[in-house]
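User: Could you take a close look at one sheet in this model for me, and at how its strands fit with the rest of the chain? Cut-offs included, please.

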Amino acid sequence: MPPMPSAAPPPSAAANSTTNTVAIKDFAFAPASTTVKKGTTVTWTNQDQDAHTVTSTGSGGPLRSPTLQTGQSYQYTFTTPGTFEYLCTIHPFMTATVTVTP
């Protein structure tokens, strides 16, 4: 008898792009690109042993976390559509984006 099909859809790259949680681990933001709807709160959680920040690139961006130690989180609610680039100011090679749709 053939196996019963699973009720859960298979994972896909698109599924990861709509999450409202971002892990900070292995000196990277995961996922590196996140898409959310306007009004969504995104939570970043530091899972590394080193401290990190979540800070908008350029001047005037909305993301300005304190230094996050291991296990600490930062939340921001996006109220304006657009693409928001951010980085870790301690490790500027760590970059990512949040795209906010209407």
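Analyst: The sheet is an open one of four strands in the order E3-E8-E7-E5, and its pairing is mixed. Strands here are DSSP runs of E, at least two residues long, and helices are runs of H or I of at least four, both numbered from the N terminus; two strands pair if DSSP finds at least two bridges between them. E3 and E5 are the edge strands, each with a single partner, so one side of each has no neighbour in the sheet.

Before going further: this is a predicted model, where local features need pLDDT of at least 70, side-chain atom pairs count only at pLDDT 80 or more, and totals for chains, interfaces and linings use all residues. Residues are numbered from 1 along each chain as its sequence is written, and side-chain values use heavy atoms, with hydrogens and water left out.

Now the E3 edge. E3 covers residues 33-37 and runs parallel to E8 (residues 95-101), with five bridges joining the two. Thr34 sits opposite Val98 in E8, and Lys37 has Thr101 as its bridge partner there. In a regular strand, side chains alternate between the two faces of the sheet. E3 does just that: Thr34 and Val36 point to one face and are buried, while Ser33, Thr35 and Lys37 point to the other and are not. Buried means under 20% relative accessible area, exposed over 50%, and partly exposed in between (1.4 Å probe, protein chains only).

E8 also matters for the largest nonpolar core, supplying its largest share, three residues. Such a core is a set of buried Ala, Val, Leu, Ile, Met, Phe, Trp, Tyr and Cys residues joined through side-chain atoms within 4.5 Å. This one has 18 residues, of which Phe29, Trp44, Val54, Phe78 and Tyr86 touch the most other members. Strands E1 (21-25), E4 (41-46), E7 (82-87) and E8 each supply at least two residues of this core.

Over by the other edge strand, Ser65 lies in the loop between E5 (55-56) and E6 (73-77). Ser65 is buried, at a relative accessible area of 11%. Leaving aside its neighbours within four places in sequence, Ser65 is in contact (heavy atoms within 4.5 Å) with Thr53, Val54 and Tyr74. A polar atom of the Ser65 side chain lies 2.7 Å from the backbone nitrogen of Val54.

For context, the protein has one helix and eight strands, and buried residues make up 33% of its 102 residues.

Terms used
A polar contact is a pair of N or O atoms within 3.5 Å; within protein, one must be able to donate a hydrogen and the other to accept it, and residues adjacent in sequence count only if both atoms are side-chain atoms.
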